Structure formats: C-alpha cells, structure tokens
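Here are my notes for anyone opening this structure for the first time. Keep the viewer at hand and go through the points in order.

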Amino acid sequence: MGHLKIIDKAAKYVKHKLFDFEEGGHDWLHTFRVWQTTRSLAMHTKCNKTVAELGALFHDIADAKFTNGDETIAIKLTEDWLQQENIEKNIISAVVHIVKHVSWRKQYKYDAIDYPELAIVQDADRLDAIGAIGIARAFSYGGFAKRPIIVPSAEANRLNDMEDTISHFYEKLLHIKDSLHTEHARSLAYERHEFMLQFLNQIHKEISYVYF
Ligand code: ADP
Ligand code: NI
C-alpha cells in the first residue's frame with residue numbers, strides 16, 4: 001500500500017478510536033494538530049515521512065494517564081493495527097519506538113540524528129502543549145483532574161497538597177521551548193512561549209488583591 005493510502009487509513013482508524021475521548025486536551029483534534037505539525041516539521045527534516053506520520057497518529061492512542069498507567073495498551077493497539085495492514089517490520093518497530101518514548105514523563109534521552117522521526121513527533125506534541133492552545137489544554141486537563149485553576153500563595157498553606165493548574169506551567173510548560181530538537185520547532189515555539197509569559201503575568205496581576 002502506498003504512503004497516502006496507509007496514512008489515510010490510519011487517520012480514519014485513530015479518529016474513530018479517539019473521537020469522543022472524555023478529556024478535550026487529548027482528543028482526536030490534539031492528535032490531528034500533532035499530525036499536521038509533524039508533516040510540516042518533516043518538510044524541513046531528513047526522515048522517513050511514513051514513520052513520522054504514523055508515529056504522530058498513534059502517539060496518544062492510549063495515553064497511560066488514562067489507562068491506570070498501563071503503557072502496554074498503546075503499544076499493542078499500534079502493533080496490531082500495523083501488522084493487520086501488512087506494514088513492513090522495520091516501519092512497525094520504528095513507529096512503536098515513537099509511541100513508547102514520545103512522552104515528556106519518560107525523559108528518554110537520545111540523539112535526534114539517530115531518531116529524526118521521534119524527534120519531530122516529540123517536537124510537534126510539545127508545541128501543542130504551549131502557547132494559547134497549550135493554555136487551553138492545561139485547563140482542560142486540570143478541570144478533568146478536578147484541580148483548582150490557581151491557588152494564591154496566601155491560601156496555599158492552608159490547602160496543603162492542593163496542586164493548581166498554574167503550577168504545571170512552572171513545572172513543565174515554561175521548560176518546553178528549551179527541550180525542542182529541531183530548529184524549525186524552536187522558531188515556532190518563541191511566540192507561544194512569550195504568550196504564556198504574558199498570560200501568567202496577567203493572571204497573577206488579576207488575583208493580586210489576595211495579598212492585601
Ligand atoms: P506527555 O503526553 O508528553 O507525557 P503530558 O501528558 O504531561 O505530556 O501532557 C499532555 C497535555 O496534558 C499537555 O497539554 C499538558 O499541559 C497537559 N497536562 C499534563 N499534566 C497536567 C497537569 N498536571 N495540569 C495541567 N495540564 C496537564
Ligand atoms: Ni500528545
């Protein structure tokens with residue numbers, strides 16, 4: 001089967017699987033954006049486009065956050081589907097390698113020269129976690145996890161262990177721009193990063209009355 005046909009078929013399968021996913025930040029439209037960004041990054045990078053696009057499409061097929069930490073489900077779904085379509089073994093193992101290691105939580109260390117497809121899918125996934133879309137996704141996930149939006153520090157001492165969604169920006173989202181592998185992704189990240197800083201500045205300003 002040719003590249004376009006297999007990608008189109010995979011997209012239909014993943015869309016069907018993720019369409020009514022209960023958390024808006026990890027739904028089909030997140031995967032769709034990561035797929036499109038991957039395609040655009042792939043134009044600037046020497047890589048196997050089929051592996052990169054399939055990796056993007058399958059990267060969140062069963063995120064461990066929503067499977068009680070079980071990481072084998074995503075790998076099995078990916079492998080089963082690709083095998084059933086008679087995809088070459090070396091392509092299957094490269095796509096599974098992406099699904100296994102794409103997550104921020106894994107902190108998988110590698111050289112982007114060795115795995116250019118993983119590097120661009122990871123960059124595309126990370127770009128979708130910053131900027132205006134990243135802000136929207138963080139609060140979507142925060143709402144899903146029943147986290148408060150922002151707990152002013154005056155209140156934090158009394159609500160011990162209550163983690164707010166704003167902390168996630170300092171723990172992860174503000175570090176993303178320095179974790180990207182490709183030059184093109186870094187150029188796209190700049191404006192998104194600045195926008196998050198502006199947003200954080202504004203939200204702190206708006207709730208500053210709490211300190212008086
Ligand atoms: P990855 O899928 O690369 O491991 P995550 O699952 O941590 O990355 O992040 C995916 C999306 O979920 C991002 O948009 C991220 O901001 C959001 N997210 C993850 N954890 C939190 C959190 N504790 N609070 C708010 N948003 C979160
Ligand atoms: Ni993702």
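How much of the chain over residues 27-130 is helix, and how much is strand?

1. Bear in mind that this is a predicted model. On the opening question, residues 27-130 come out at 61% helix and 0% strand. The C-alpha atoms at the two ends of that stretch sit 16 Å apart. I picked this range since an unreviewed UniProt entry puts its "domain: HD" feature at residues 27-130.

2. The domain split doesn't follow that feature. Here the chain is cut into domain 1 (1-106) and domain 2 (129-212). Their C-alpha centres are 27 Å from each other.

3. Where the two domains meet, seven residues of domain 1 are in contact with eight of domain 2. On the domain 1 side, the touching residues are two nonpolar, four polar and one charged.

4. Now look at ligand 1. Where does the ligand lie relative to the two domains? Domain 1 and domain 2 both contribute residues to its shell, so ligand 1 lies between them. There are 16 residues around ligand 1, and those coming nearest are Ser103, Trp104, Arg137, Tyr141 and His168.

5. Which helix gives the most to that shell? It's H7, with five residues. Helix H7 spans 131-144, and helix H9 (165-171) also supplies at least two residues. By type, the shell around ligand 1 holds five nonpolar, six polar and five charged residues.

6. Leucine 41 deserves a click. You'll find it in helix H2, residues 28-42. Is leucine 41 buried or exposed? Leucine 41 has 26 other C-beta atoms within 10 Å, and 20 or more count as buried, so it is buried.

7. Leucine 41 also has a partner from far along the chain: alanine 185 is 144 residues away in sequence, yet the two C-alpha atoms are separated by 7.2 Å. Setting aside residues up to four places away in sequence, leucine 41 touches Ile120, Asp123, Ala124, Thr182, His184 and Ala185.

8. Last, the largest nonpolar core. It has 42 residues, of which Val95, Ile120 and Val121 touch the most other members. Domain 1 and domain 2 each put at least three residues into this core. To see the surroundings of one of those well-connected members, select valine 121. Beyond its neighbours within four places in sequence, valine 121 is in contact with Thr38, Ala52, Gly55, Ala56, His59, Ile98 and Val102.

Terms used:
Residues numbered from 1 in each chain as written. Chains lettered and ligands numbered in written order. Predicted model: local features only at pLDDT ≥ 70, side-chain atom pairs only at ≥ 80, totals over all residues. Domains from an automatic or database assignment. Nonpolar A, V, L, I, M, F, W, Y, C, P; charged D, E, K, R; others polar. UniProt positions renumbered as here; feature names shortened; annotations may be inferred. Helix = DSSP H or I, 4+ residues; strand = E, 2+ residues; numbered from the N terminus. Near = placed C-beta within 6 Å. Buried ≥ 20, exposed ≤ 12 C-beta atoms within 10 Å, placed from the backbone. Core = buried A, V, L, I, M, F, W, Y, C linked by C-beta atoms within 7 Å.
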